[in-house]
Amino acid sequence: MKNHLRVERAKIDITQSELATRIGVSRQTIHSIELGKFVPSTIISLKLATIFKINVEELFVLEAGDWELNGIEGIQ
């Protein structure tokens with residue numbers, strides 16, 4: 001899953017640590033999300049979208065491989 005977390009964070013000039021504190025996670029969690037190594041829970045995703053004042057779908061984007069992993073074809 002692709003995300004725009006780093007870009008959105010830069011737009012409001014907030015560090016990983018500051019963002020982590022605001023949503024109640026560790027800085028390492030934010031770092032892992034930005035690198036695509038960790039897929040956040042729905043609650044964390046909604047908190048992030050709320051902070052950036054965007055929809056979750058604007059912050060996180062499914063890629064073709066995300067559909068294939070579950071044996072489901074993407075919507076065309």
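Which residues is F60 in contact with, leaving aside its neighbours within four places in sequence? The first close-up takes up that question, and the others move on through the rest of this predicted model.

**Figure 1. The surroundings of F60 in strand β2.** Leaving aside neighbours within four places in sequence, F60 is in contact with M1, K2, N3, I33, P40, S45 and L48. The strand that holds F60 covers residues 60-61. With a relative accessible area of 8%, F60 is buried; that is because a residue counts as buried when its relative accessible area is under 20%. For a sense of how the chain folds back here, take F60 and H4: they are 56 residues apart in sequence, yet their C-alpha atoms are 6.6 Å apart in space.

**Figure 2. The chain as a whole, for orientation.** Before going further in, here is the overall plan: the secondary structure comes to 6 helices and 2 strands. Following the sequence, these elements appear in the pattern β-α-α-α-α-α-β-α. The chain has 76 residues, and 32% of them are buried. Among contacts with a separation of 6 or more, 55% join residues 24 or more positions apart. About 5,300 Å² of the chain is exposed, and carbon and sulfur atoms supply 53% of that area.

**Figure 3. The largest nonpolar core, with its 14 residues.** The members that touch the most other members are L5, L19, I30, L48, F52 and L59. At least two core residues come from each of α2 (16-23), α3 (27-35) and α4 (42-52). Helix α4 gives the largest share, 4 residues. In soluble globular proteins, nonpolar side chains tend to be buried together. One core member to look at in detail is L59. Beyond its neighbours within four places in sequence, L59 is in contact with K2, N3, H4, L5, E8, L48, A49, F52 and I54.

**Figure 4. The two sides of helix α4.** Which residues of α4 are buried? They are I44, S45, L48, A49, I51 and F52. Seen down the helix axis, these buried residues fall within an arc of 160°, so they line one face of α4. They pack against α1 (5-11), α2, α3, α5 (56-59) and β2. Turned away from that buried side is a face carrying the exposed residues T42, I43 and T50.

**Figure 5. Two residues with a positive phi, D13 and K53.** Most residues other than glycine have a negative phi, and most peptide bonds are trans. D13 is not a glycine, but its phi is positive, about 55°. This residue sits in the loop between α1 and α2, and at 69% relative accessibility D13 counts as exposed. K53 comes after α4 and lies in the loop between α4 and α5. Its phi is near 60°, again a positive value in a residue other than glycine. The relative accessible area of K53 is 76%, which makes K53 exposed.

**Figure 6. A salt-bridge network of R6, R9 and E34.** The structure holds 3 salt bridges. In one of them, the side chains of R6 and E34 meet at 3.3 Å, N to O. R6 lies in helix α1 and E34 in helix α3, so this pair ties together parts that are 28 residues apart in sequence. R9 and E34 meet in another salt bridge, at 2.6 Å, N to O. Here too the partners lie in α1 and α3, so the pair ties together parts 25 residues apart in sequence. Salt bridges that share partners join R6, R9 and E34 into one network. As for burial, R9 and E34 are both buried, with E34 at a relative accessible area of 11%, whereas R6 is partly exposed at 46%.

**Figure 7. A salt bridge inside helix α1, between K11 and E8.** The side chains of K11 and E8 meet at 3.1 Å, N to O. Both residues lie in α1, 3 residues apart, about one turn of the helix. Is each partner buried or exposed? K11 counts as exposed, at 61% relative accessibility, while E8 is buried, with a relative accessible area of 10%.

**Figure 8. A nonpolar patch on the surface, formed by M1, V39 and L62.** Together these residues have about 270 Å² of accessible area. L62 lies in the loop between β2 and α6 (64-68). M1 also takes us back to the opening view, where M1 is among the contacts of F60.

How values were computed:
Residues numbered from 1 in each chain as written. Predicted model: local features only at pLDDT ≥ 70, side-chain atom pairs only at ≥ 80, totals over all residues. Heavy atoms only, no water. Buried < 20%, exposed > 50% of the residue type's maximum accessible area, 1.4 Å probe, protein only. Contact = heavy atoms within 4.5 Å. Core = buried A, V, L, I, M, F, W, Y, C linked by side-chain atoms within 4.5 Å. Patch = residues over 30% accessible without salt bridge, like charges linked within 9 Å, V, L, I, M, F, W, Y side chains within 5 Å. Areas by Shrake-Rupley, 256 points an atom, 1.4 Å probe, with all protein chains shown as cover. Salt bridge = Lys/Arg side-chain N within 4 Å of Asp/Glu carboxyl O. Arc of directions from axis to C-beta.
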